[in-house]
Amino acid sequence: RSSCGPRRNLTGMVKDAAWSYLLQGPGRGITMGDGRLVFPAQYQLSPGEGRTPHSTVLVSADGGETWSIGVGARADTTESAVVELADGELMLNMRDNRGGSRAVHTSVDGGATWLAHGSSRSALTEPVCMASLIHVGRELTGEADGRLLFSNPAVPAAPRRRMTIRASSDGGESWPEERWLLLDEGKSAGYSCLTMIDGATV
């Protein structure tokens, strides 16, 4: 028993029984400005449907008592990260099994529908790996200021290397190279999870 009450299995609330699996994360969720809890997730279709994975979100509007699941944002995507941009607009940044770069979609209805973002499959190179994304203003004050930070191994193919943090000041529309910070050149770079410590430290 946790300090928040008894543990519960939420699987039946959010997983289609035909799916091969449903996973949350990895990484972290967010609290939206209106109080909704949102967590990135992925599900895999049934064996008969090819076990195709899809990134999506889990959403709770009542402090975690009940949860709903969004639709798949893009087929053949898995580990994702989510931020709230403008009020009510979610951005889902996804590991894409096609390789080369991240897929990015947005939703204004809590994950019921998704649209490809202008940066999708072009702006953020990746070797098929998990990544992290945070909205700095939302983290510090709860306000949308458009400043995003993104971390991953910044290469288009394996081996995973060049662990890098990239910054955007325009809500992910652009990621100028002069605002990239190389943390580690070496191989075996893997999963990362960003969080703000204070206004000057991530």
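This is a short chat about salt bridges and one buried residue in a predicted model.

User: Before we start, what kind of model is this, and how are residues numbered?
Analyst: It is a predicted model, in which local features need pLDDT of at least 70, side-chain atom pairs count only at pLDDT 80 or more, and totals for chains, interfaces and linings use all residues. Residues are numbered from 1 along each chain as its sequence is written, and side-chain values use heavy atoms, with hydrogens and water left out.

User: How many salt bridges does a search of the whole structure find?
Analyst: The search finds twelve, where a salt bridge is a side-chain nitrogen of Lys or Arg within 4 Å of a carboxyl oxygen of Asp or Glu. One of them joins the side chains of Asp96 and Arg74, at 2.8 Å from N to O.

User: Where do Asp96 and Arg74 sit in the chain?
Analyst: Asp96 is in strand β7 (residues 90-96), while Arg74 is in the loop between β5 (68-69) and β6, so the pair links distant parts of the chain, 22 residues apart; strands are DSSP runs of E, at least two residues, numbered from the N terminus.

User: Is Asp96 buried or exposed?
Analyst: Asp96 is buried because its relative accessible area is 0%, and buried means under 20%, exposed over 50% and partly exposed in between (1.4 Å probe, protein chains only). Arg74, at 22%, is partly exposed.

User: Switching to Glu84, which residues does Glu84 touch?
Analyst: Not counting residues up to four places away in sequence, Glu84 touches several residues, including Ile30, His135 and Arg138, where contact means heavy atoms within 4.5 Å.

Note on methods:
Helices (H or I, at least four residues) and strands (E, at least two) are DSSP runs, numbered from the N terminus.
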